[in-house]
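Biologist: I should like to learn how helix packing and burial are read from a model. Please take me through some cases.

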Amino acid sequence: MAEEQKFDLIVVGGGPGGYVAAIRAAQLKMKVAVVEAKHLGGICLNWGCIPTKALLRSSEINHLLHNMGEFGFSADNVKFDLDKIVKRSRAVSKQLASGVAHLLKKNKVTVFDGYGKLAGQGKLEVTKDGKPVATLAAKNIILATGARPRQIPGIEVDGKLIWSYFEAMVPEKMPKSMLVIGSGAIGVEFASFYRNLGVDVTIVEMLDRILPVEDAEISGLARKAFEKQGMKIFTAATVKGVQKGADNVTVTVEAGGKEQKITVDRVISAVGIVGNVENIGLEGTKVKVDRTHIVVDGFGQTGEPGVYAIGDVAGPPWLAHKASHEGVICVEKIAGLHPHPLDTGNIPGCTYARPQVASVGMTEAKAKESGREIRVGRFPFIGNGKAIALGEPEGLIKTIFDAKTGELLGAHMIGAEVTEMIQGFVVARTLETTEAELMHTVFPHPTVSEAMHESVLDAYGQVIHF
């Protein structure tokens, strides 16, 4: 074994939490190492956030091309090349992954190719293919090992007929029919991608509505939109079993006390994730694991001195932007600065389906449960000039305020480009803005963002255009 190499900070995992933490630490003059066994940029950049958006962009274009008559165009024999769609997605991912490598090099972060495992206080062993790579030492170690798709007993992913998001992103041929188990952001995005490319899509959700973390009203509108596109949706439903054929799967679904068999070409399992807590040396430490996720405080500190955890392995919400922000907070705390602990109520959630869904803060139900008296404002896209001009008149902005203080408790959106607009309300919540500041903010015309303003006005009986 080579001589022990000493650092100020070691980060295990080079995803959006790990590499951002490493760069921030380097900015604070720390000597930093990142240990990554597979891909810099992590699942998000290589197999999640970024390449799925490239796929969804292609599917949106396919939808537009098949509806171009609405915009005054005509064309014959419009078709897509699946191989090129997948290759473009992979190229986008590769470009950004190489960018992460450049950023780490620019910030003088040492990258080790291998798996990291705690080996005593302040020690980390790095191995690859069962062989030792390096022994590292640091006063502080951040675990950013991420998560992987959850497997359902009896419906395990086989990579051929039953897919996880890995296989769903690189199909060799387009299935004619598909069943998606789970209707969180991942499940809904893949359902939208494949439906927009002409696949017959069925969604099965165990809870009573799709997109269950979203506001119930928004979930209902999303369901209507997806069903209008031709998706079949079963809620309060369970998959009782699957029977594999040579090139199809028959799925037994129970809903409303009745069982039915649905035969499809492929199944996508999108039922959540499991934290990567195995084989990283947690045994014998004071690190606590709860339901596959490492327990941390508001700064990423575990029960073991000098060991921190951030990102998906440290629990929900399982979002790349949450991981990155946690990484910065964690490093600044280690450096002796005074960062604010992460407020998960100010973390936006986005689903990039067609239509898009975005939200921040409390749902209407949660706001009521909190015992507050609330005011709720709504503004539909049909009242917004830019949305109509874009050919996107279906959508809604919903805002929820504390009636006594004017605090913006939550904002919920469905419609075109709402994932870009939600940040306005995120900034408002972070700045502890009240309805008065939002009402006096001038929104540019014509933009879809004007619907945000009108929703606030509606909560206080002052809506203008509806």
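The dialogue below turns to helices and then to single residues.

Modeller: This is a predicted model, in which local features need pLDDT of at least 70 and side-chain atom pairs count only at pLDDT 80 or more, while totals for chains, interfaces and linings use all residues. Residues are numbered from 1 along each chain as its sequence is written, and side-chain values use heavy atoms, with hydrogens and water left out.

Biologist: How many residues of helix 1 are buried?

Modeller: Buried means under 20% relative accessible area, exposed over 50%, and partly exposed in between, with a 1.4 Å probe and protein chains only. Helices (H or I, at least four residues) and strands (E, at least two) are DSSP runs, numbered from the N terminus. In helix 1, 9 of the 10 residues are buried, so this helix is largely enclosed by the rest of the structure. Among them are Tyr 19, Ile 23 and Arg 24.

Biologist: Against which elements do the buried residues of helix 1 pack?

Modeller: Contact means heavy atoms within 4.5 Å. The partners are strand 1 (5–12), strand 2 (32–36), helix 4, strand 6 (131–143) and helix 8. After helix 1 comes Lys 29, with a positive phi near 70 degrees.

Biologist: How is the packing of two helices described?

Modeller: Two quantities are used: the angle between the axes of the packed helices and the distance between those axes. Axes are lines fitted to C-alpha atoms, for helices over the stretch in contact, and angles run from 0 to 180 degrees between N-to-C directions. The axes of helix 1 and helix 8 (residues 320–334) cross at roughly 35 degrees and come within 8 Å. The contact is made by Val 20, Ala 21, Arg 24 and Ala 25 of helix 1 with Ser 324, Gly 327, Val 328, Val 331 and Glu 332 of helix 8.

Biologist: At what angle do helix 3 and helix 4 pack?

Modeller: The angle is about 145 degrees, and the axes of helix 3 and helix 4 lie 8 Å apart. Among the residues making this contact are Ile 50, Pro 51 and Ala 54 of helix 3, and Ile 85, Val 86 and Ser 89 of helix 4.

Biologist: What span does helix 4 reach from its first C-alpha to its last?

Modeller: The expected span of a helix is 1.5 Å times one less than its number of residues. Helix 4 (residues 82–106) has 25 residues and reaches 37 Å, close to the 36 Å expected. At its start, a side-chain oxygen of Asp 81 comes to within 3.1 Å of the backbone nitrogen of Asp 83. Lys 108 follows helix 4, and its phi is positive, near 60 degrees. The buried residues of helix 4 include Leu 82, Ser 93 and Leu 104.

Biologist: Is Ser 359 buried or exposed?

Modeller: Ser 359, in strand 21 (residues 356–361), counts as buried because its relative accessibility is 10%. A polar contact is a pair of N or O atoms within 3.5 Å; within protein, one must be able to donate a hydrogen and the other to accept it, and residues adjacent in sequence count only if both atoms are side-chain atoms. Such a contact, of 2.7 Å, joins the side chains of Ser 359 and Glu 214.

Biologist: How does Val 427 count by relative accessibility?

Modeller: Val 427 belongs to helix 11 (residues 418–430) and counts as partly exposed, at 39% relative accessibility. Val 427 and Asn 346 are 81 residues apart in sequence and 8.5 Å apart in space, C-alpha to C-alpha.
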